[in-house]
Amino acid sequence: MTNETTNAADRLKLGPRENVTYPIVMKYCGHCSMPIEYCEYYPEYDKCKEWLERNLPDDFERLKIEEEQAAADGTDDDKKRQKRGGKGLLRVKKKEDVPKRICVSRAARGKKKSVTVVTGLSTFDIDLKVAAKFFGTKFACGSSVTGDDEIVIQGDVKDDLFDVIPEKWAEIDEDVIEDLGDLKR
């Protein structure tokens, strides 16, 4: 038996290892809920550092020293972090300063049929899928979300929406609902 195979056998030996205290206790970050060794892979690593500094100062110092050593060695920290893909952290869309206004219009569908188009509900932080479901059950018709901020309701229910929307969502005043008339889609 060679020296190389003996080392492999020692490494793969079952049972407790020397110089290891049992039971092994893992410390978890209060911000990202991962073990503190993996916080650096979390997109909001700065917030994890703040939490570690407040709650686990000894471990924070140890990680800080390891980071400084890695920087001195010249290892690139950007290689470790995931830059694209995955669901590490859902990005929240930045809200633009759009005037809070709901537009209601009617659009022709075929020769005799029409649909009602509602836009602007998302400026009031209303979930469009929930609103479409509500309109469908309220008017006993089909209703769907078709765009970023557009709900299409089958049938001409434009006049009823001026009463139904403020009744369902109290934060919406009847004055912010605007009638655009008949439009082509």
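Colleague: What makes Glu178 count as partly exposed?

Modeller: Its relative accessibility is 30%, and the label covers whatever falls between buried (under 20% relative accessible area) and exposed (over 50%), with a 1.4 Å probe and protein chains only. So 30% puts Glu178 in the partly exposed class. Before you ask, this is a predicted model, where local features need pLDDT of at least 70, side-chain atom pairs count only at pLDDT 80 or more, and totals for chains, interfaces and linings use all residues. Residues are numbered from 1 along each chain as its sequence is written, and side-chain values use heavy atoms, with hydrogens and water left out.

Colleague: How do you know that Arg101 and Glu178 meet in a salt bridge?

Modeller: The N to O distance is 2.7 Å. The rule asks for a side-chain nitrogen of Lys or Arg within 4 Å of a carboxyl oxygen of Asp or Glu, so the pair passes. The two residues are 77 apart, with Arg101 in the loop between α3 and β1 (102–109) and Glu178 in strand β5 (residues 177–183). Those element names are DSSP runs, numbered from the N terminus: helices are H or I with at least four residues, strands are E with at least two. Arg101 counts as partly exposed too, at 40% relative accessibility.

Colleague: How many salt bridges does the rule give?

Modeller: Nine. One of them joins Lys27 and Asp59, at 2.9 Å from N to O. Lys27 sits in the loop between α1 (3–11) and α2, while Asp59 belongs to helix α3 (residues 57–73), so this pair ties together parts 32 residues apart in sequence.

Colleague: Is Asp59 buried or exposed, and how do you know?

Modeller: Asp59 is buried, because its relative accessible area is 11%. Its partner Lys27 is at 40% relative accessibility, so Lys27 goes down as partly exposed.

Colleague: Which residues are linked with Lys27 in a network of salt bridges?

Modeller: Glu37, Asp59, Arg62 and Glu66 join Lys27 in that network.

Colleague: What makes Glu67 and Lys49 a salt bridge?

Modeller: The N to O distance is 3.7 Å, and that satisfies the salt-bridge rule. Glu67 is in helix α3 and Lys49 in helix α2, so the pair ties together parts 18 residues apart in sequence. Both ends are partly exposed: Glu67 has a relative accessible area of 32% and Lys49 one of 27%.

Colleague: On to the cysteines. How many disulfides does the structure hold?

Modeller: Zero. Cys32 is in no disulfide, and the nearest cysteine sulfur, in Cys39, is 3.5 Å away. A disulfide needs a pair of cysteine sulfur atoms within 2.5 Å, so Cys32 and Cys39 do not qualify.

Colleague: Why is Cys48 not bonded to Cys32?

Modeller: Because the two sulfurs are 3.6 Å apart, too far for a bond, although Cys32 holds the closest cysteine sulfur to that of Cys48. Cys48 is buried, with a relative accessible area of 0%, and Cys32 counts as buried at 9% relative accessibility.

Colleague: Which residues make up the patch of negative charge on the surface?

Modeller: Asp159, Asp160, Asp163, Glu167, Asp173, Glu174 and Asp175. Patch members need over 30% relative accessible area and no salt bridge, with like charges joined within 9 Å (nonpolar side chains Val, Leu, Ile, Met, Phe, Trp and Tyr within 5 Å). Asp160 has a relative accessible area of 41%, so Asp160 clears the area cut-off. Asp163 is found in helix α5 (residues 158–168), and Asp160 is in helix α5 as well.

Colleague: Now the backbone. What is unusual about Asn19's phi?

Modeller: Asn19 has a positive phi of about 65 degrees although it is not a glycine. Most residues other than glycine have a negative phi, and most peptide bonds are trans. Asn19 lies in the loop between α1 and α2 and counts as exposed, at 83% relative accessibility. Asp125 also has a positive phi, of about 60 degrees. Asp125 sits in the loop between β2 (113–119) and α4 (128–139), and its relative accessible area of 53% makes Asp125 exposed.

Colleague: What kind of peptide bond joins Tyr22 and Pro23?

Modeller: A cis one, with omega about -5 degrees. Pro23 is in the loop between α1 and α2.

Methods: Accessible areas come from the Shrake-Rupley method with a 1.4 Å probe; for residues, only the protein chains shown count as cover. Lys and Arg count as positive and Asp and Glu as negative; His and the chain ends are not counted. The place of a charge is taken as NZ of Lys, CZ of Arg, CG of Asp or CD of Glu.
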